[in-house]
Amino acid sequence: MSEVRYGLVGAGYFGLAIGRALLKLPSASISYVFDPNNSAKAALDLGAREASSIEDLCSSDDVDAVIVASPNWAHAEAAIAAAGHGKHVFCEKPIALNYADCERMIAASSDAGVVFMAGHAMNFMSGVRRAKALIADGAIGDVVFTRAVRNNWEGVQGDVTWKKRRDLSGGHLYHHIHELDFVQSIMGPAVVATMTGGNVAHQGAGSGDEDDLLLMTLEFGNNTFAALEYGSAFRWPEHYVLIEGTQGAIRIDLQDTGVELRTPESTETFLLHRTLEEDEDRTAFYNRGAVDGGVLFGNPSIEPPLWLCGVIEEELAYFHGLMCGGAAVAEFSALTDGTAAAASIATADALSLSLREGRKVLVSEITGRGLLSRSRS
Ligand SMILES: NC(=O)c1ccc[n+]([C@@H]2O[C@H](COP(=O)([O-])OP(=O)(O)OC[C@H]3O[C@@H](n4cnc5c(N)ncnc54)[C@H](O)[C@@H]3O)[C@@H](O)[C@H]2O)c1
């Protein structure tokens with residue numbers, strides 16, 4: 001393709017940031033925008049036309065690929081419509097709020113022979129890529145345990161946005177699926193999932209209905225395990241992933257930003273993002289409490305911080321490269337056919353079932369004989 005023409009579905013805080021990142025790339029343009037509330041300004045800012053509906057946008061001959069950056073509950077409809085019209089899809093995370101929708105989205109893309117890339121941005125942080133390469137090279141031996149913690153405090157809100165409603169966002173676990181996806185990218189798909197927790201500090205006016213304290217364990221077989229904590233009921237904020245191997249460990253700190261590799265012989269530190277400036281920007285962002293339970297990540301009038309713009313640039317450059325005929329990189333293959341995203345949602349569904357029923361859940365209870373079991377056989 002000499003020029004790739006994008007259609008943007010959802011032009012709020014993140015959709016606009018993606019649009020701006022795309023326009024910095026060579027041979028990329030945005031022909032249409034659809035957003036029930038923010039189309040006119042977005043179209044003006046991005047040099048695009050307003051579409052009257054998702055169908056209108058996806059059926060246009062002037063659209064080669066569709067970016068889905070609408071609220072989480074609305075992703076499936078747009079991604080399936082795009083694939084149905086033979087358009088490649090980049091879909092923000094979480095791609096869907098249940099595994100059945102993931103299956104429908106992936107089936108639509110694979111039937112149409114189009115790329116379906118999940119916006120799991122953490123995979124494009126340079127320090128995460130380096131950590132994964134080190135682990136793959138055996139730098140910490142065999143991985144036996146991973147701990148992912150994404151805890152902070154969220155105050156009472158003036159408006160309760162869709163991000164704080166369980167039915168619209170999926171709640172903390174689905175909305176912040178990044179760490180769960182990361183854990184499975186290292187350890188493989190979980191076999192057994194257990195979760196406890198609840199809404200301990202956010203009831204009443206100005207609060208949503210999502211659970212604000214979630215404690216999870218995952219079992220992968222072969223004596224390998226993970227523990228995850230998510231939520232906005234924690235006055236002591238923590239955001240990190242720790243990977244423990246038989247020969248060493250790696251800690252990815254997403255708050256006091258940076259990555260550290262420890263082995264009995266040595267300690268090595270490296271950046272999480274592309275530059276020291278981006279890492280320092282992230283640390284300052286967390287230090288001033290700007291994370292605020294993810295609420296601030298949802299205001300179309302503000303731009304994402306420097307480090308997040310950098311990650312968006314990296315992942316969209318990769319997607320755009322594929323659209324231009326560039327070679328696929330093995331490291332990202334499970335991201336560009338939807339399987340990593342579907343595996344994350346399958347495990348999130350199993351964890352949710354565990355919480356509801358107060359028992360350990362096999363992830364195969366969710367996937368059944370579906371997509372994941374077929375792709376593994
Ligand atoms: N990867 C990341 O780090 C990251 C960060 C922030 C947001 N996101 C994801 O990006 C997506 C958008 O989040 P946001 O922060 O921009 O939220 P937002 O609320 O700022 O924007 C959502 C936009 O979608 C529009 N919209 C509502 N219903 C729609 C529909 N049916 N079809 C199309 N558009 C619709 C809204 O009018 C709004 O402008 C979400 O899926 C979110 O999870 C990802």
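This is a short selection-by-selection tour of the structure, from a sheet to a loop residue to a cavity. The model is predicted.

**Stop 1: the sheet**

Select strands 1 to 6. They form an open sheet in the order 3-2-1-4-5-6, with parallel pairing. Now colour the edges: strand 3 (49-50) and strand 6 (116-119) each pair on one side only.

**Stop 2: strand 1**

Select residues 4-9. This is strand 1, and 5 of its 6 residues are buried, so the rest of the structure largely encloses it. Buried here means under 20% relative accessible area. Show the side chains as well. In a regular strand they alternate between the two faces of the sheet.

**Stop 3: the strand 2 side**

Add residues 28-34, which make up strand 2. Strands 1 and 2 run parallel and are paired over 6 bridges. Which residue of strand 2 is the bridge partner of valine 9? Pick phenylalanine 34.

Now bring in residues 13-23, helix 1. Together, strand 1, helix 1 and strand 2 build a β-α-β unit, and the unit is right-handed.

**Stop 4: the strand 4 side**

Hide the helix and select residues 65-68. This is strand 4, parallel to strand 1 and joined to it by 4 bridges. Two pairs are worth labelling. Glycine 7 lies opposite valine 66. Valine 9 lies opposite valine 68. Valine 9 thus has a partner in each neighbouring strand: phenylalanine 34 in strand 2 and valine 68 in strand 4.

**Stop 5: asparagine 98**

Jump to asparagine 98. The residue sits in the loop between strand 5 (88-92) and helix 5 (99-112). Is asparagine 98 buried, partly exposed or exposed? Its relative accessible area is 29%, so asparagine 98 counts as partly exposed.

Next, look for its contacts from elsewhere in the sequence. Leaving out residues up to four places away, asparagine 98 touches Ile345 and Asp349. Then draw a C-alpha to C-alpha distance from asparagine 98 to alanine 342. The two are 244 residues apart in sequence and 8.7 Å apart in space.

**Stop 6: the cavity**

Last, turn to the interior space. Rolling a probe the size of a water molecule over the atoms shows where empty space is left. How many cavities of 30 Å³ or more are there? The count is 1. The largest cavity has a volume of about 30 Å³.

Select its lining: Glu154, Lys164, His202, Gly208, Glu210 and Asp212. Colour these residues by class. The lining has 4 charged and 2 polar residues, and no nonpolar ones.

Methods:
Residues numbered from 1 in each chain as written. Predicted model: local features only at pLDDT ≥ 70, side-chain atom pairs only at ≥ 80, totals over all residues. Heavy atoms only, no water. 1 Å grid on protein atoms, 1.4 Å probe; cavity = no way out; pocket = protein on both sides within 12 Å on 5 of 7 lines; lining within 4 Å. Points joined across faces, edges and corners; volume = space filled by probe spheres on them. Nonpolar A, V, L, I, M, F, W, Y, C, P; charged D, E, K, R; others polar. Buried < 20%, exposed > 50% of the residue type's maximum accessible area, 1.4 Å probe, protein only. Helix = DSSP H or I, 4+ residues; strand = E, 2+ residues; numbered from the N terminus. Pairing = 2+ DSSP bridges. Right-handed = clockwise from strand over helix to strand, strands pointing away. Contact = heavy atoms within 4.5 Å.
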